[in-house]
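Me: I should like to work through a structure by question and answer. Please begin with the term that is needed to follow the discussion.

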Amino acid sequence: MEFFVTHQAVDHYSGDCSVAFVLKGKSNENRIIQNYLDLHRFEPKLASTLMLGKVEGYKSKRVLVVGLGESPLSQKNYIKALKSLSSAMSVSKVKNVVIPSIEVEDADEAWLQITTARVLKNESYKVKKVGVKEEISEIVLEAVNIYSQNNGASEIQKGVAIANGMALTRELGDLPPNICTPTYIAETAKSLAETYNLECEILEESDMESLGMNSLLSVSKGSIEPGKLISLSYSNAGNEAPIVLVGKGVTFDSGGISLKPGQGMDEMKYDMCGAASVLGTMTAIAQLQPKVNIISIVASAENMPAGNASKPGDIVTTASGQTVEILNTDAEGRLVLCDALTFAEKYKPASVVDIATLTGACIVALGHCTSAVMGNNEQVVSELLDAGKEAGDKAWELPIWDDYQDLIDSPFADMQNIGGKGAGSITAACFLSRFAKEFP
Ligand code: MN
Ligand code: ZN
């Protein structure tokens with residue numbers, strides 16, 4: 001699927017399909033289209049679609065009408081409309097299309113181009129069934145033309161690169177845990193490094209042992225899959241301090257000896273989505289080549305129960321030298337991440353962003369549509385919240401006040417890996433904050 005900016009009026013497009021957006025309460029400028037809408041009693045409800053054949057006044061073979069609901073059109077609703085536009089085109093086997101520009105609340109032309117390309121490309125993502133030969137459809141959407149009045153630089157490539165990154169993230173997430181192991185994630189990072197000319201460093205368990213990463217190793221030791229610490233560097237800003245992205249890559253989280261209930265346990269293959277997000281981000285960055293230095297660190301392990309697995313009550317010494325009493329082996333994300341954060345210190349980062357499926361408590365607090373952000377630096381936190389708004393992937397700040405720090409003090413070690421019943425996400429972040437003292 002390729003994207004282009006076009007300055008040619010939409011009705012002059014002589015390809016397969018032109019899109020016509022319709023807002024509630026406004027009739028279409030084209031009288032014939034309006035006649036069709038009346039005939040079909042089409043109401044321009046948000047995300048409703050109607051595929052028409054040849055329409056006089058349009059050079060394309062057909063016209064796809066997409067309802068946008070009430071004006072003003074919000075960013076969220078525009079994305080909804082794009083998704084229905086995408087499925088209507090795939091039902092009708094559209095090969096190429098032109099999309100008009102439309103006014104979206106609080107959005108400029110750049111946002112419109114990036115979002116249109118990103119959403120349409122992302123909608124084309126398909127889960128690959130393992131070992132099942134997909135029937136390759138001969139007719140796919142090949143070209144999307146986005147109309148623009150302005151002659152400014154095209155922002156489309158940003159949307160495409162982000163969608164390409166998202167596709168890698170989703171693919172890694174969807175793969176079964178017997179395929180997507182820490183070794184597989186390391187191989188994926190290696191091949192990204194080859195494709196995009198990034199630097200890749202992979203620490204094996206023996207390397208981690210010599211760095212004293214006993215916390216990360218305490219998670220991987222119960223599994224026959226060896227743990228990995230994977231780092232990828234992209235540098236395009238001289239010796240500027242890098243931004244470091246840290247991702248949780250627990251490729252399967254059974255809970256360990258603190259075993260999880262069986263129902264829904266298969267979903268614990270997604271416990272590496274922090275790592276997958278980080279690798280997806282590196283893909284987008286490598287394709288866009290911005291002037292920044294970015295390093296990603298993925299802490300990857302499989303959390304399994306075994307005779308040699310960590311037990312509740314075990315105490316380990318982390319790479320930072322601080323000791324941790326493991327009270328619950330299912331609070332393993334922070335155990336792999338704390339050593340990755342200590343590893344990040346060597347890069348003298350400008351800032352570190354740690355991305356993880358860290359606690360079920362986070363879903364209890366914020367549900368499935370919002371991520372929690374917790375940080376020790378106001379500016380970094382507010383930049384992340386803003387980025388979430390811009391991308392339509394919202395986050396909300398939770399506090400990591402000292403009052404919560406007391407909840408993870410341990411009578412037997414520097415800290416314990418879980419707090420009490422309440423504030424489970426906050427105490428997880430409090431735990432990690434003890435390993436993030438050297439950087440924002
Ligand atoms: Mn867990
Ligand atoms: Zn986990």
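Reply: A salt bridge is a side-chain nitrogen of Lys or Arg within 4 Å of a carboxyl oxygen of Asp or Glu. Please note that the model discussed here is predicted.

Me: With which residue does Lys346 form a salt bridge?

Reply: The closest N and O atoms of the pair are 3.5 Å apart, and the rule asks for a distance within 4 Å. The pair links distant parts of the chain, with Lys346 in the loop between α9 and β13 and its partner in strand β7, 145 residues apart. The partner of Lys346 is Glu201.

Me: Is Glu332 buried or exposed?

Reply: Glu332 is one of the protein donors of the manganese ion (ligand 1). Its relative accessibility is 1%, and buried means under 20%. Glu332 therefore counts as buried.

Me: Which residue meets Asp330 in a salt bridge?

Reply: Asp330 also serves as a donor of the manganese ion (ligand 1), through O and OD. In the salt bridge, the N to O distance is 2.9 Å. Asp330 lies in the loop between β12 and α9 and its partner in the loop between β9 and α8, so the pair ties together parts that are 70 residues apart in sequence. The partner of Asp330 is Lys260.

Me: Which residue bridges the manganese ion (ligand 1) and the zinc ion (ligand 2)?

Reply: The two ions lie 3.0 Å apart. The protein donors of the manganese ion, lying 2.1 to 2.2 Å from it, include the bridging residue, which contributes OD. That residue is Asp253.

Conventions:
Residues are numbered from 1 along each chain as its sequence is written. Chains are lettered from A and ligands numbered from 1 in the order in which they are written. This is a predicted model: local features need pLDDT of at least 70, side-chain atom pairs count only at pLDDT 80 or more; totals for chains, interfaces and linings use all residues. Side-chain values use heavy atoms; hydrogens and water are left out. Donors are N, O and S atoms within 2.8 Å of the metal (3.2 Å for Na, K and Ca); water is not among the atoms, so sites may look incomplete. Buried means under 20% relative accessible area, exposed over 50%, partly exposed in between (1.4 Å probe, protein chains only). Helices (H or I, at least four residues) and strands (E, at least two) are DSSP runs, numbered from the N terminus.
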